[in-house]
Amino acid sequence: MRRKSVLYLEVAEQIKADIMNGTYPVGTLLPTEAELEQLFDVSKITVRRAIELLSSEELVEKKSGKGTTVLSNRPYNKLSKAGTFTEYLNDSGQKVAKKILNLEEVTLLSDSPIYACLGEKAIKVSRLYTLDDQPYIYFNYYLPITMADVPLEDFEKESLYRLMDQHGIEIIKFEDSFQTVELTEEEQGILTTSEKNGLKRIRKSLGLSGKYVEFSEAIYNTALYPYVIEYES
């Protein structure tokens, strides 16, 4: 007998393949849980775990009473087996919320590391994450100028990577670097902390074209909560 932990992965992979090949087009509903149980000859819990996995990859969205809708046919979140930090916080029972602080088009200096990735013009999105209503992560995302037409409300309600995917920007890999930094007065004010130091994460994401499509900086107030990376085997 196969273990359920393997079985739900197999079910998820088959549903994902059917999404990719157009069996379940974007915007349509997947078969009901009962229908999927019959289709794959598996239990209800196996189907639910498979749907939860697809939902975590933002390929589908499940709504109570409405069914499961296909959101995307591009596996753009298959970049790593590492779970996202916000997923970890949510799973740990932390109340995580986010809000957009600013959205603007910026001109970058030629000696900037961001210029080296994105060129002279970029879209800058500033975002604040709170943890149990306390400011915790201050993000600055720099994105291709081709996203200049995305309105503020879309950044507020949608996943950043889903928006990028909708604009034909598919990420194939990313690299993260971490360092301890001294917080500026502005960063202390935004994070409402008197702490002198914080953890800085720089992410550079590479697109299909072989060029960078994201440069982001995140400042974590690790005095409030440590940064954790959770891996799945």
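Let's start at Asp-41, which is exposed, with a relative accessible area of 69%. Keep in mind as you look around that this is a predicted model. Asp-41 sits in the loop between α2 and α3, just after α2 ends. Its backbone is worth a look too: phi is positive, about 55 degrees, although Asp-41 is not a glycine. Most residues other than glycine have a negative phi.

Now step back into helix α2, which covers residues 33-40. Which of its residues are buried? They are Glu-33, Leu-36 and Glu-37. These residues cover an arc of only 105 degrees around the axis, so they end up on the same side of α2. Turn to the other side of α2 and you find Gln-38 and Leu-39, which are exposed.

So what does α2 meet in α3? Glu-33, Leu-36 and Glu-37 of α2 are in contact with Lys-44, Val-47, Arg-48 and Ile-51 of α3. Sorted by type, the residues of this contact come out as three nonpolar and four charged, with no polar ones. Two packed helices are described by the angle between their axes and the distance between the axes. Here, the axes of α2 and α3 (residues 44-56) come within 9 Å and cross at roughly 110 degrees. Angles from 65 to 115 degrees count as roughly perpendicular, and α2 and α3 are therefore roughly perpendicular to each other.

Next, the sheet. Six strands make up an open sheet, and if you walk across it the order is β4-β5-β6-β9-β8-β7, with antiparallel pairing. At the edges are β4 (96-107) and β7 (171-182), each of which pairs on one side only. On average, neighbouring strands of this sheet are turned by 15 degrees against each other, ignoring direction. Strands of a sheet pair through backbone hydrogen bonds, either parallel or antiparallel.

For a view of one pair, pick β8 (residues 197-207) and β9 (residues 212-220), which run antiparallel and share eight bridges. A handy place to get your bearings is Arg-203, which stands opposite Ser-216 in β9.

Elsewhere in the sheet, follow β5 (121-131) towards β6 (134-143), and in the loop between them you come to Asp-132. Is Asp-132 buried or exposed? Asp-132 counts as partly exposed, at 39% relative accessibility. The phi of Asp-132 is near 50 degrees, a positive value in a residue other than glycine. That brings us back to the theme of our starting point, Asp-41, with its own positive phi of about 55 degrees.

Note on methods:
Residues are numbered from 1 along each chain as its sequence is written. This is a predicted model: local features need pLDDT of at least 70, side-chain atom pairs count only at pLDDT 80 or more; totals for chains, interfaces and linings use all residues. Side-chain values use heavy atoms; hydrogens and water are left out. Buried means under 20% relative accessible area, exposed over 50%, partly exposed in between (1.4 Å probe, protein chains only). Helices (H or I, at least four residues) and strands (E, at least two) are DSSP runs, numbered from the N terminus. The arc is that of the directions from the helix axis to the C-beta atoms. Two strands pair if DSSP finds at least two bridges between them. Axes are lines fitted to C-alpha atoms, for helices over the stretch in contact, and angles run from 0 to 180 degrees between N-to-C directions. Angles under 35 degrees count as roughly parallel, over 145 as roughly antiparallel, 65 to 115 as roughly perpendicular and the rest as oblique. Contact means heavy atoms within 4.5 Å. Ala, Val, Leu, Ile, Met, Phe, Trp, Tyr, Cys and Pro count as nonpolar, Asp, Glu, Lys and Arg as charged, and the others, Gly among them, as polar.
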